[in-house]
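Please work through the exercises below with the sequence and the structure open beside you. Try each task before reading its solution.

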Amino acid sequence: GGSKDSAPSPWASQLLDRRLQAQLEDPLSVVTGALPLWARALPRQCPFLFSLETRKKLLRYIAFGPSFAVHWMQEAKVGSFLRRRATLQTELNAQTDPRKMQEMSQELSNLEEHVVRSSHWLGTLQSTLAKVQRGDLLRQSERALELLSGSGHLLEVQFDGETGFGNAVTQSFYVEVSKALQDRESNRTVPLWVEDDGASGSEYLLCRRGLLIRPLEVGPQREAAVRRFRFLGRLMGQALLEGFIVPLPLAEDFFALVLGEPLRPGNFPRPGSGCAGELLGVLADFAAELAAGECLFEVEDEFDYDAWKQNQAKRSDFGDRFLATPPAHAVSFNEYLSLVGACFLETGLSGAPLCPDGADRPVTVENVCSFVEQAARFWFETGISEQVRAFREGLNEFVPVDSLAAFRPAELRQMFCGEDRIDWEESSLLARLRPAGGLTDRSPLFGFLVAAMVEMNQDERSRFLDFVSSCPRLPPGGMANFRLDVFPDPGSSRRSLPRSRACANQLYLPPYETKEELNMKLHEAMHSSAGHHEQRVREL
């Protein structure tokens with residue numbers, strides 16, 4: 001998944017990329033901030049010369065402070081050993097064969113000795129444990145992130161009344177907060193996002209092109225929204241520091257604003273976007289055609305521009321040219337605007353007035369260009385500038401905002417929010433799923449799982465990911481950065497449901513005898529998995 005804008009740059013220099021990678025392998029120069037000037041400046045000024053992975057590594061090593069630089073360098077060198085240790089410990093606990101138990105114990109001892117003796121192992125960062133109640137999640141989360149600001153600590157979350165804690169529960173925390181922030185009812189009280197068309201029937205806002213910041217007039221609602229955007233900045237900053245994702249389906253335009261890039265009428269919602277304001281895109285396209293015609297008539301003096309403009313407003317093919325789904329009968333610009341009652345309001349139909357008495361000022365061919373200009377100013381400047389500023393300030397408490405200049409909006413969206421679309425096929429699943437505990441890639445049970453996963457639709461894949469990893473999205477980088485260990489579940493029967501240890505990305509399967517049986521039980525587990533995050537394998 002992902003936008004075409006996140007594709008590798010054709011200008012990337014393998015030579016420069018390798019040189020920067022070599023510089024980042026020197027821990028002393030990284031931690032002391034002694035990297036050469038070119039290594040800091042060139043990726044920011046010319047990001048297209050470097051791969052995304054190299055720029056992400058540079059961000060982790062120089063923008064998060066010395067403690068997190070050590071943390072991420074340590075993760076790069078010994079992280080795989082720590083993950084293998086967690087998996088091995090689980091296998092050992094389930095093992096009954098004395099010979100295999102001895103072999104596993106020896107391997108576990110070797111791994112621990114390797115980690116402890118490694119010159120890259122300095123220990124873990126200090127953690128702050130935050131206990132939150134699901135019923136008061138946003139308020140308590142805002143307070144926790146406010147206290148965590150500037151501490152340089154890892155965040156560990158425990159939900160009140162539940163025993164689980166650790167990486168899986170913390171990722172689950174980011175998921176639950178994301179859901180609370182896109183809750184439809186909450187958005188009406190504290191408007192953060194442009195409303196969707198309600199077609200999904202979901203309790204959460206789901207716009208096809210992603211969530212857009214709702215422009216607001218000065219007043220109490222905007223003040224509340226500003227406070228919440230500051231919290232969102234802090235939340236996403238802490239998540240980025242630790243390598244978690246905040247799976248809010250934000251539009252790329254959001255990150256363009258964070259980078260200080262201007263938005264224009266071309267960024268308005270268009271028909272099919274699935275959110276309020278689609279009429280603005282229609283009128284912006286029509287106004288752009290009028291503007292192009294005006295430029296043409298400035299060259300061709302003998303033509304009457306005003307007469308041509310009036311003719312454009314009367315053309316009966318307006319629906320075919322500008323609407324995603326043309327009406328049953330031919331309609332002109334004048335007829336369409338009279339039909340919908342467009343006026344100088346936030347969406348052209350409702351919302352805040354764009355000028356005094358905006359509700360009483362209809363949009364016509366004479367003023368449509370002025371309307372588009374005023375709407376763009378409200379949607380992309382005056383109505384959202386305070387929210388964007390608050391988000392940047394909150395983010396800057398954890399991650400220097402100027403360090404993000406080395407990334408494009410599509411890349412930031414992937415880094416902060418994860419992969420949008422969940423794409424996998426049999427070959428990628430065989431590469432990223434690891435049979436363990438006696439299973440092999442030739443075991444029928446493992447084959448049943450792979451076949452069932454290939455047949456899943458997008459919603460089912462999202463539920464499966466949440467079941468096994470506590471996050472309904474793929475990590476940044478997609479399947480290449482996803483892993484799952486698959487075990488047989490000792491002591492279970494065919495009547496049992498699959499279970500997961502999300503903190504270690506582990507799935508346990510009872511001894512099903514057919515793909516259909518596994519598929520039915522797996523879907524039942526996925527849809528009734530509340531509390532599965534409490535199964536915990538403690539990691540260093």
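The exercises that follow concern a predicted model, and each one is solved step by step.

**Exercise 1.** Identify the residues that touch the most other members of the largest nonpolar core, and find the helix that gives the most to this core.

Solution. Begin with the core itself, which has 115 residues, and in which Phe173, Trp193, Leu232, Leu235 and Phe254 touch the most other members. Next, look for the helix that contributes most, which is helix 10, residues 220-242, with 11 residues in this core. Then take Leu232 and set aside its neighbours within four places in sequence: what remains in contact with Leu232 is Leu181, Trp193, Leu248, Phe254 and Phe391. Finally, note that a second, separate core has 29 residues, among them Ala452, Phe482, Leu507 and Met526.

**Exercise 2.** Describe how helix 10 and helix 17 pack, and decide whether helix 10 is roughly parallel or oblique to helix 17.

Solution. The first step is to read the geometry: helix 10 and helix 17, the latter spanning residues 385-396, pack at an angle of about 30 degrees with their axes 7 Å apart. Because angles under 35 degrees count as roughly parallel, helix 10 is roughly parallel to helix 17. The crossing of the two helices is right-handed. The last step is to inspect the contact, to which helix 10 brings residues including Phe229, Leu232 and Met236, while helix 17 brings residues including Ala390, Phe391 and Leu395. By class, the residues of this contact divide into eight nonpolar, four polar and six charged.

**Exercise 3.** Carry out the corresponding description for helix 20 and helix 22.

Solution. Helix 20, residues 444-455, and helix 22, residues 515-527, pack at an angle of about 60 degrees, with their axes 9 Å apart. This angle makes helix 20 oblique to helix 22, and the crossing is right-handed. On the side of helix 20 the contact involves Leu445, Phe448, Leu449, Ala451, Ala452 and Glu455, which meet Lys515, Leu518, Asn519 and Leu522 of helix 22. Sorting these residues by class gives seven nonpolar, one polar and two charged.

**Exercise 4.** Locate Arg432, state whether Arg432 is buried, partly exposed or exposed, and list what Arg432 touches beyond four places away in sequence.

Solution. Arg432 lies in helix 19, which covers residues 426-432. Its relative accessible area is 29%, so Arg432 is partly exposed. Not counting residues up to four places away in sequence, Arg432 touches Met479, Ala480, Phe482, Arg483 and Leu484. For one of these, Ala480, the separation from Arg432 is 48 residues in sequence and 7.6 Å in space, C-alpha to C-alpha.

Technical notes:
Residues are numbered from 1 along each chain as its sequence is written. This is a predicted model: local features need pLDDT of at least 70, side-chain atom pairs count only at pLDDT 80 or more; totals for chains, interfaces and linings use all residues. Side-chain values use heavy atoms; hydrogens and water are left out. A nonpolar core is a set of buried Ala, Val, Leu, Ile, Met, Phe, Trp, Tyr and Cys residues joined through side-chain atoms within 4.5 Å. Buried means under 20% relative accessible area, exposed over 50%, partly exposed in between (1.4 Å probe, protein chains only). Contact means heavy atoms within 4.5 Å. Axes are lines fitted to C-alpha atoms, for helices over the stretch in contact, and angles run from 0 to 180 degrees between N-to-C directions. Angles under 35 degrees count as roughly parallel, over 145 as roughly antiparallel, 65 to 115 as roughly perpendicular and the rest as oblique. A crossing is left-handed if the near helix is turned anticlockwise from the far one by less than a right angle, and right-handed if clockwise. Ala, Val, Leu, Ile, Met, Phe, Trp, Tyr, Cys and Pro count as nonpolar, Asp, Glu, Lys and Arg as charged, and the others, Gly among them, as polar.
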